[in-house]
Amino acid sequence: MSDEPGRRRPPPDPPEPRDEIRHAARAFLWLMRLSDPRPAIPFMAMPAIVRVHLVERLALGPDDHVLDLGCGDGATLIELATRSGCRGTGLERDPARLAEARAAVTQAPVEPGQITLIEGDFEDEASLDRLPWAGITVALMFLYPWAVGLLVPRLAERLSPEARVVSYTFADTHFAEGRREMVPGFAYPGHRVPLYVWPVAELRDAARVGAAEPA
Ligand SMILES: C[S@@+](CC[C@H](N)C(=O)[O-])C[C@H]1O[C@@H](n2cnc3c(N)ncnc32)[C@H](O)[C@@H]1O
């Protein structure tokens, strides 16, 4: 272990220009999939600068437990855990990404058991039932809008009212109002995208209001 959990780390170095072009092309293809009604969600890394921002914006600390739904290569959870000392649980469907995440966690300056990685599908109730809902303080998504729409009601039902649901870039339209902040995007330098931070209690109220409205 080379770092103490919770100790501040400097922001990461900016990428090389050629990497940025390659990355912009991948990001463009990622966004192109949105023309499908319900596209499969491939891996796209959250920018390192946004991970750093999340630690401060959410005031994460050792008492927090972040759930990353579609955790990819685990880099977001690792960054949050090493910077804040929080615990992390990642759910990921792609076994190759999960293997990368497991390897990265073993190399990361985190305590044994600080990050737990689970193979599963967030569309599947049995996978959701395996998650440690009682301890989660933040549920994080970097997913397409259909998946945010699917997950928000399930998260609001399972999380404690004090927890927060966070979505980077996309929102379910029912819950988009009033909770939008702009943060650095993932596609090209200067790109900005929304970040949504919803208290669970508010999502539950919104769901109740929605349920009362005539169809
Ligand atoms: C845009 S990446 C986000 C990665 C990571 N959360 C981050 O912020 O860097 C979305 C991830 O969700 C995963 N994913 C897509 N559909 C999923 C599903 N139904 N269940 C679990 N994971 C899924 C993908 O394999 C991919 O790794």
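A residue is buried if 20 or more other C-beta atoms lie within 10 Å of its own. The exercises below use a predicted model.

**Exercise 1. Val200**

Decide whether Val200 counts as buried or exposed, and place Val200 in the fold.

*Solution.*
- Start with the element. Val200 belongs to helix α7, residues 200-212.
- Next, count neighbours. Val200 has 22 C-beta neighbours inside 10 Å, so Val200 counts as buried.
- Then list contacts. Leaving out residues up to four places away in sequence, Val200 touches Ala156, Leu159, Ser160, Pro161, Ala163, Arg164 and Val165.
- Finally, check a distance. Val200 and Ala139 are 61 residues apart along the chain, and their C-alpha atoms are separated by 9.8 Å.

**Exercise 2. The overall fold**

Find how many helices and strands the protein has, and read off their pattern along the sequence.

*Solution.*
- The protein has 7 helices and 7 strands.
- Along the sequence they follow α-α-β-α-β-α-β-α-β-α-β-β-β-α.
- Of the 215 residues, 35% count as buried.
- Now take contacts between residues at least 6 apart in sequence. Of these, 69% join residues at least 24 apart.

**Exercise 3. The sheet**

Work out the strand order of the open sheet and name its edge strands.

*Solution.*
- The sheet has 7 strands, in the order β3-β2-β1-β4-β5-β7-β6. Pairing is mixed.
- The edges are β3 and β6 (180-184), each of which pairs on one side only.
- Neighbouring strands are turned by 20 degrees against each other on average, direction ignored.
- Look at the β3 end. β2 and β3 pair in the parallel sense over 5 bridges. Glu92 has Glu119 in β3 as its bridge partner.
- Add the helix there. α4 packs on the sheet and touches β2 and β3. The direction of α4 makes about 165 degrees with that of β3.

**Exercise 4. Helix α3**

Explain why α3 is described as largely enclosed by the rest of the structure.

*Solution.*
- Count first. Of the 10 residues of α3, 9 are buried, so the helix is largely enclosed by the rest of the structure.
- Name them: Thr76, Leu77, Ile78, Glu79, Leu80, Ala81, Thr82, Arg83 and Ser84.
- Find the partners. The buried residues of α3 pack against α2 (48-57), β1 (65-69), β2, α4 (95-107) and β3 (115-119).
- Look past the end of the helix. Gly85, just after α3, takes a positive phi of about 85 degrees.

**Exercise 5. The ligand shell**

Identify the residues that come nearest to the ligand, and sort the shell by class.

*Solution.*
- The ligand has 21 residues around it, of which Ile41, Met46, Gly70, Gly72 and Arg93 come nearest.
- Two elements give two or more residues to the shell: α3 (75-84) and β2 (87-92).
- By class, the shell holds 11 nonpolar, 3 polar and 7 charged residues.

**Exercise 6. The nonpolar core**

Determine which residues of the largest nonpolar core touch the most other members, and which helix gives the most to the core.

*Solution.*
- Background first. In soluble globular proteins, nonpolar side chains tend to be buried together.
- The largest nonpolar core here has 48 residues. Leu69 and Ala139 touch the most other members.
- Helix α6 (residues 145-158) gives the most to this core, with 6 residues.
- Trace the contacts of Leu69, again without residues up to four places away in sequence. Leu69 touches Leu91, Phe122, Ala139, Leu140, Met141, Leu143 and Leu151.

Note on methods:
Residues are numbered from 1 along each chain as its sequence is written. This is a predicted model: local features need pLDDT of at least 70, side-chain atom pairs count only at pLDDT 80 or more; totals for chains, interfaces and linings use all residues. A nonpolar core is a set of buried Ala, Val, Leu, Ile, Met, Phe, Trp, Tyr and Cys residues joined through C-beta atoms within 7 Å. A residue is buried if 20 or more other C-beta atoms lie within 10 Å of its own, exposed if 12 or fewer, and partly exposed in between; C-beta atoms are placed from the backbone. Helices (H or I, at least four residues) and strands (E, at least two) are DSSP runs, numbered from the N terminus. Two residues are in contact if their C-beta atoms, placed from the backbone, lie within 7 Å. A residue is near a molecule or strand if its C-beta atom, placed from the backbone, lies within 6 Å of it. Ala, Val, Leu, Ile, Met, Phe, Trp, Tyr, Cys and Pro count as nonpolar, Asp, Glu, Lys and Arg as charged, and the others, Gly among them, as polar. Two strands pair if DSSP finds at least two bridges between them. Axes are lines fitted to C-alpha atoms, for helices over the stretch in contact, and angles run from 0 to 180 degrees between N-to-C directions.
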